Amino acid sequence: MYKFIIGDIVRKVGIGIIGFGSIGKYHLKAYNRVPEAEVIAVCDIDENELKIAKNQYGIENLYKDYHDLLSRNDIDAVSICLPNRLHSIVTIDSLKMNKHVLCEKPPAISTREVKEMFDTSKRMGKKLLIELTRRFMNKTRTAKKLIKLGDLGPIYYAKCGYIRRSGIPGYGSWFTTKSEAGAGPLYDIGVHALDLTFWLMDDFKSDYVIGSTYAKFGPKGKGKGGWGKPVPGGPFDVEDFASAYIKMKSGTTIYLEACWASHMKTHFYTIILGERGGLDYENMVLYTEEDDVLVDKKINYSENDPYLDAVKHFIDTIIHDVEPITTAEQMIWLQATLEAVLKSAEINEPVKVSTLI
């Protein structure tokens with residue numbers, strides 16, 4: 001299936017979804033709202049998920065081996081909605097089979113893997129987009145426009161985090177298994193907070209990191225959340241809280257928190273301080289000064305579905321040869337910074353991020 005509009009004939013972009021858990025269903029629902037896309041096939045190792053794909057969503061082409069899905073000539077692109085360890089493996093295999101790829105976050109579990117993914121994308125001439133949905137929120141777009149207009153002035157400090165009170169996903173599953181996930185909340189939700197902050201600041205190049213990790217709730221079987229599929233008796237060998245002091249090459253400082261379980265309210269926040277103003281992203285307030293008077297400005301924006309807009313962007317990259325919003329350089333520095341947090345926590349020393357690139 002090709003992806004050109006010729007006259008009044010629309011040849012839709014053929015889509016395969018690899019991994020049909022909760023996030024795979026989000027992808028399918030979004031594709032179903034994009035006229036230029038058609039979900040042709042679904043792959044999952046779980047027979048029950050394949051039955052859901054057929055009975056609830058009408059997908060007839062079902063596979064347990066993703067290689068069989070990739071062999072179809074009518075599939076132009078795939079969504080990869082798998083455990084973190086498989087992101088690089090399946091992405092690279094898909095690109096080599098001449099498929100464009102939309103891969104769930106985090107990009108991978110190591111910087112080396114991210115570099116290989118994007119090197120393969122470039123070599124094969126195929127698009128690779130990482131699903132970092134916060135970038136596609138109208139709230140984020142509005143904040144970024146405000147920063148680009150100079151309302152904050154030169155930025156010198158930011159702090160960001162995703163804190164959950166009780167939100168460990170899939171206890172005992174791949175989510176809480178280091179060999180499968182790479183990390184706990186740092187890779188699962190911290191990636192959203194850090195990427196959002198990097199992207200708003202338009203600054204991804206970190207210099208060094210001092211990181212700390214803790215596991216205070218998970219090992220006791222506490223702090224479980226509703227996401228994912230628990231596996232009774234399964235392992236918990238990841239952190240449930242991570243924090244980091246990040247010094248950027250630009251001189252800016254960032255403080256990061258990523259937490260699955262804590263005695264604190266659940267919230268996602270980013271605060272960015274500039275010489276002319278400060279942005280509270282969580283509450284969308286600009287703190288500034290006008291004529292020597294301190295002013296608080298509420299920033300208005302319209303709500304949207306970021307999953308839908310992410311899929312629309314992915315299809316645009318294919319049909320109109322648009323460059324994906326998540327560039328290779330950004331994703332390499334993002335992954336290297338997250339990886340440096342883990343390494344710093346392990347050796348109890350600062351880690352130079354460039355040593356991981």
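Here is a friendly exchange about a predicted model, its two sheets and the helices packed around them.

Biologist: Before we start, what kind of model is this, and which pLDDT do side-chain atom pairs need?

Modeller: Residues are numbered from 1 along each chain as its sequence is written, and side-chain values use heavy atoms, with hydrogens and water left out. The model is predicted, with totals for chains, interfaces and linings using all residues, local features needing pLDDT of at least 70, and side-chain atom pairs counting only at pLDDT 80 or more.

Biologist: Happy with that! In the open sheet of six strands, which strands are at the edges?

Modeller: Helices (H or I, at least four residues) and strands (E, at least two) are DSSP runs, numbered from the N terminus; two strands pair if DSSP finds at least two bridges between them. The order here is β5-β4-β3-β6-β7-β8, with parallel pairing. Pairing on one side only marks the edge strands, which are β5 (61-63) and β8 (128-131).

Biologist: Within that sheet, which residue is the bridge partner of G14 in β4?

Modeller: Strand β3 (residues 13-18) and strand β4 (residues 37-43) run parallel, joined by six bridges. Among the pairs, G14 has as its partner in β4 the residue E38.

Biologist: At what angle to β3 does helix α1 run?

Modeller: Axes are lines fitted to C-alpha atoms, for helices over the stretch in contact, and angles run from 0 to 180 degrees between N-to-C directions. Contact means heavy atoms within 4.5 Å. Helix α1 (residues 22-31) lies across β3, β4, β6 (77-80), β7 and β8, and its angle to β3 is about 165°.

Biologist: Now α4 and α5: are they roughly parallel or roughly antiparallel?

Modeller: Their axes come within 9 Å and cross at roughly 10°. Angles under 35 degrees count as roughly parallel, over 145 as roughly antiparallel, 65 to 115 as roughly perpendicular and the rest as oblique. The two helices, α4 and α5, are therefore roughly parallel.

Biologist: How many charged residues are in the contact of α4 with α5?

Modeller: From α4 come H87, S88, T91, I92, L95 and K96, and from α5 come E113, E116, M117, T120, S121, R123 and M124. Ala, Val, Leu, Ile, Met, Phe, Trp, Tyr, Cys and Pro count as nonpolar, Asp, Glu, Lys and Arg as charged, and the others, Gly among them, as polar. By class, the contact of α4 with α5 has four nonpolar residues, five polar and, for the charged class, four.

Biologist: And α5 with α10: are they roughly parallel or roughly antiparallel?

Modeller: The axes of helix α5 (residues 111-124) and helix α10 (residues 328-347) come within 8 Å, crossing at roughly 170°. The meeting residues are T111, V114, K115 and F118 in α5 with A328, M331, I332, Q335, A336 and E339 in α10. These residues divide into six nonpolar, two polar and two charged. The helices α5 and α10 are therefore roughly antiparallel.

Biologist: Which strands does α10 lie across?

Modeller: α10 runs at about 50° to β10 (206-214). The strands it lies across are β10, β11 (241-248), β12 (253-259) and β17.

Biologist: Why do β16 and β17 each have one side without a neighbour in the sheet?

Modeller: The nine strands form an open sheet of mixed pairing, in the order β16-β15-β14-β13-β9-β12-β11-β10-β17. β16 (293-298) and β17 (351-352) stand at the edges, so one side of each is left without a neighbour because each has a single partner strand.

Biologist: Which residue in β16 does T288 stand opposite?

Modeller: β15 and β16 pair in the antiparallel sense over six bridges. Their hairpin has two residues between the strands, and D291 there takes a positive phi near 55°. Opposite T288 in β16 stands V295.

Biologist: Last one: which residue is joined to K105 by a cis peptide bond?

Modeller: Most residues other than glycine have a negative phi, and most peptide bonds are trans. Omega is about -15° at this cis bond. The partner is found in the loop between β7 (100-104) and α5, and the residue joined to K105 is P106.
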